[in-house]
Every structure is written in structure tokens, then in C-alpha cells.
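Reader: Before I rely on the terms used for this protein, could you take me through what stands behind them?

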Amino acid sequence: MSKNTEIVIRHLDKYYGKKQALTDVNLTIHKGMFGLLGRNGAGKTTLMKVLATLHEKQGGEVSICGIPVEHASAIRKITGYLPQDFSMYPNMSVYEAMDYLGVLSGLTKEERRKRIPGLLRQVNLQDNYRTKVKALSGGMKRRLGIAQAILHNPRVLIVDEPTAGLDPEERVRFRNLLCEIAQERIVILSTHIVGDIEATCENIAVLDDGRILFQGTVEELLHMVESKVYKAEISKKELPELKQKYIVTSMLALGNNVMVRFIAEKQPFAGASLCEAGVEDAYMYLMQGRGEGTCS
Ligand SMILES: Nc1ncnc2c1ncn2[C@@H]1O[C@H](COP(=O)(O)OP(=O)(O)OP(=O)(O)O)[C@@H](O)[C@H]1O
């Protein structure tokens, strides 16, 4: 595949003072949805900020569609970024905010007039032109954030933890929007919510303590726990021992008993039945020995 349609990261190192936040990160990211998964503090935001040219790296090479990240203004022309703590112009209306950002992006009046209505329709805010930004719900603000991030029609969209705090319906709607956008772009989605990745991304990377623990397809991740995920109904008294021996990925209380889902290398005891592995199981397995994974 041509380097002009990829993000290529080689031996990337990033420090904050003496603290090393990224260590020898190597990734190649193609068109479509790419999921970056990791617990809080793993380095996801740092990696995204390096790609968005908001942080400088200390070592390695990074290029986006063939352009080295050192060429910040050229990178910003082809990259859209939605930060974790996105907020903008609370007293402007939705349309005014978009129009203003369009001016800042260098779009002509004609280009703005043509592009903004289509984008607001795409993010389902077509009925909110006059709504003040401060009056939007969390999900609507996030969707407006996406519209502003793709206002200049970038080839790459970088979205940092976009679904945190959204209700389930908004989360699904937001994920679908990103998938739609990813049909013609590279979209990088960072999250610590395993469900977001499972539903949307074919290719993923798991970051932990600044290092890549895994990269590949969701299928390859699932393969790691194939024939290793069991469920069993046990008494509450037996639970502590089971938790000591195995990685428990979910529990459901049933009176004095508990239905547990856990990972074991082979049939652990009679009465435990094999089940289909999920991404959350695989993630917990991968995180084994690294403290508890913070998946929700
Ligand atoms: N400005 C900074 N100065 C010093 N250390 C920092 C700074 N920003 C981040 N770090 C540290 O770098 C590491 C990676 O942080 P980063 O924010 O990239 O993680 P993250 O995976 O995005 O986590 P979260 O989901 O909590 O945002 C953490 O140990 C964090 O404490």
C-alpha cells in the first residue's frame, strides 16, 4: 500500500521531562477505523497529540500520508482532531461557531455556505443551527466537535475518548457516525471502553505504559482467548478462590450463587462450560500480570 495513504510510526519515543510516556512505538495505520485501546495513563492522548502536531516527539519517525510530522502546518491541513476535553464558543450558535471555525481554517464564504449545512446534517444537528453551543447535550457537543474537526475535509481524523460520559443511545449513534466518516478517511479512535472498539474497529492496537502490547485485527486479538473462556455457576463462598486462580471477566449474582465468566487454559472443573470469546475477555487476558485492566 502507498505511504501516501498511511500513517507510519517508527520507534517513537516521547518524554515529559524525565517521564517517558511513549517507548519505541511502531504502528502502521491504514484507511478505515483504527482503535487505540488502553487503560488511563497508557499514553493514548500523548500518541494522538504527537500525530496532531500538538506535542513534539523526542525520538523516532512519524509520517502522515507521506508527510513527516515535523511539517506541522502541512499535517494540520490534512488532519482533524477532536480532543478529550473539547469545548468551544459557548455563547455562539451552532452555525456561528462552525462558520467562525471555517474562517479560521481559511475557507471562503462560498465554501463555508456550501459545506457547513451538509456537515451539520451528517452529524444530525440540522435542526440546531440556532441553538447556543452551551445549550447542547454532551452527545450533541461531541457531534458538533466531529463536524468542526472535518470542516476542512481532512484525510485523517483523530478522536480522543469521544464516548466517555455519553448515554448508550448517543454512544451507538456517535460510533456509527465515525464509521461513516471512516469510509473515506483514516479515523483513529482512542478509548478505554472495550465495547467501542469491538463494535467499530477492524484494526486495533493496545497500549500499556507507553508501549504497544498488541497490534492486529480484532479477530487476531480474539484468537488469543479462543477455547479459553468459560462460564460456571458457583457459590459465593467459592468465588475468592476462583478469582485467585483465574482471570474473572464478569460476574452476575444469582441469590447465593454467582454466574462467573473467566479465562482458563483448559477445562478447570466439571460444570464449567466453554463460551464464545469477546474482546473484553481478550483484553483482560492481554493485561494479565499488568494489574487490572480498566475496561467498562
Ligand atoms: N503534561 C504532562 N506532563 C507530565 N506527564 C504527563 C503529561 N501528560 C501526560 N503525562 C503522563 O504521561 C503518561 C501518559 O498519559 P496520557 O494522557 O497520554 O495517557 P492516556 O492513555 O491518554 O490516559 P487518559 O485516558 O487518562 O487520558 C501518564 O503517565 C501521564 O501521567
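Author: What follows sets the terms against their definitions, one at a time.

This is a predicted model, in which local features need pLDDT of at least 70 and side-chain atom pairs count only at pLDDT 80 or more, while totals for chains, interfaces and linings use all residues. Residues are numbered from 1 along each chain as its sequence is written.

Reader: What makes a stretch of the chain a helix or a strand, and how many of each does the protein have?

Author: Helices (H or I, at least four residues) and strands (E, at least two) are DSSP runs, numbered from the N terminus. By that rule the protein has ten helices and 14 strands.

Reader: Why is helix α10 called largely enclosed?

Author: A residue is buried if 20 or more other C-beta atoms lie within 10 Å of its own, exposed if 12 or fewer, and partly exposed in between, with C-beta atoms placed from the backbone. Six of the eight residues of α10 (residues 279-286) meet the buried criterion, so the helix is largely enclosed by the rest of the structure; they are Val279, Glu280, Asp281, Ala282, Tyr283 and Met284. In the protein, buried residues make up 34% of the 296 residues.

Reader: How do you know that both faces of strand β7 are covered?

Author: In a regular strand the side chains alternate between the two faces of the sheet. In β7 (residues 156-160), Val156, Ile158 and Asp160 lie on one side and Leu157 and Val159 on the other, and all are buried.

Reader: What makes β7 a partner of strands β6 and β8?

Author: Two strands pair if DSSP finds at least two bridges between them. Four bridges join β6 (residues 79-82) to β7, and five join β7 to β8 (residues 186-191), so both pairs satisfy the definition. Each of the two pairs runs parallel. Leu82 stands opposite Val159 in β7, and Val156 has Ile186 of β8 as its bridge partner.

Reader: Which hand does the crossover from β7 to β8 have, and what does the word for it mean?

Author: The chain passes from β7 through helix α6 (residues 168-181) to β8, and this β-α-β crossover is right-handed, which means that, with the strands pointing away from the viewer, the path from the first strand over the helix to the second runs clockwise.
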